[in-house]
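Open the model in your viewer and keep the sequence panel beside it, then follow the stops below in order.

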Amino acid sequence: MKLAAITPAALPVSQIGLGCVTLGREIDEAASCALLDHALTRGVRLFDTAAAYGHGASESILGRWLASRRPHGITIATKILPPYDRIDISASMQRLGVDQIDLLYLHQWHDSVLAAGPALDELLLSGKVKALGLSNVTLEQLHATGPRFSVVQNNHNLAVSDVSDTLRAHCAENGIALVTYSPLGAGFLTGKHQHGVQSGSRFDLVPGHQDVYFHSGSYHRLATLEAVSARTGHSQAHLALAWALHQPGIASVLVGGRIPAHLDQAFAALDLDDPALFAELTA
C-alpha cells in the first residue's frame, strides 16, 4: 500500500484510510476498537471521523482508542458542521483527547465559509489545527474559498461521483490533496439492496442516502458492474473497490466497515489494477 504526505502540513496518509462513521453507530466500542487495531496493523495511517458521526460517539471511541494505544505516525481527521461564523472545535478536541487536530474539515458547504477565514487562520496560527480541508464541495465553491484549504474530501464511486475531471485537475495544479469516500456507495454497489433496503444497513439507518443512489443513473451503472462481475468472476465489491483505489490523483480512499474483513476486502482489491477493465465499468 502506498504512503504519502498531505502538504503543506506533511501529514502521513495511506492509500486506504479508515472511515470511522460506523463507530458507536453501527458497531459498539469493543468492535470499534477491534476494527481500529486491525486498520493500524494493516498500515492504515489516516483515520477519519466527524463531530456528527453518532452525535459525537465516533470521536469519543476514537479518542479512547488513541489514549489506550498511543499510536505514532498517523493522521486523525475530523469534521465540523455549519454554520461556520462561530467555529468552536473544543468539543471535538475533548472527545478525541487531543490538544491539536491533524486535519479539520468543514463538513459541507455553507455560505458562512466565506466569512470564516480569520477564525480558520487563527486555528492554524494557534496550533490547534495542523491542516484544513473542505468536504462535499464543488470546484466553484473551492475557487471561492482562497488558498487556506489543503485537502478536499468528496464522494467518489462507480455509481455516484463528486470528483469531476476539472476538480481533479485543479487540485493537482494547486497542491490540494484529494481524499474520497464511499467506494462501495454505502453498499449500493454490492447489489444487496436490489430487492429493497436491507434492515440495519446504512440506507436503513440514514434514509437520506437513498436519494443519493436510488435513481436511474446509478442503477444503470450497477447493471454494468453486475455484467462485468458475471463475466470476469470478480465480485461486484472487489471490482468497485479496485476501481476506486486505482483512480489517478487520489491521495487516499476512505473505507468503512463493521468488522476487520470489510477492511481486508479493500486491501485485496489493491492487487487488481486493470485500466481496460476499469474503462469497461464506466463505458
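On a 1 Å grid over the protein atoms alone, a pocket is an open set of points where a 1.4 Å probe fits, with protein on both sides within 12 Å along at least five of seven lines, and its lining residues have an atom within 4 Å of a point. This is a predicted model, in which local features need pLDDT of at least 70 and side-chain atom pairs count only at pLDDT 80 or more, while totals for chains, interfaces and linings use all residues. Residues are numbered from 1 along each chain as its sequence is written, and side-chain values use heavy atoms, with hydrogens and water left out.

Select first L66, R70, P71, I76 and V98, which lie nearest the centre of the second largest pocket, among the 15 residues that line it. Then add α2 (57–69) and β6 (101–106), each of which supplies at least two residues of that lining; helices (H or I, at least four residues) and strands (E, at least two) are DSSP runs, numbered from the N terminus.

Next, select L18, F47 and I89, which touch the most other members of the largest nonpolar core, a group of 74 residues. Such a core is a set of buried (under 20% relative accessible area, 1.4 Å probe, protein chains only) Ala, Val, Leu, Ile, Met, Phe, Trp, Tyr and Cys residues joined through side-chain atoms within 4.5 Å.

Finally, go to P147, in the loop between α5 (139–145) and β8 (151–155). Is P147 buried or exposed? P147 is exposed, with a relative accessible area of 82%, where exposed means over 50%.
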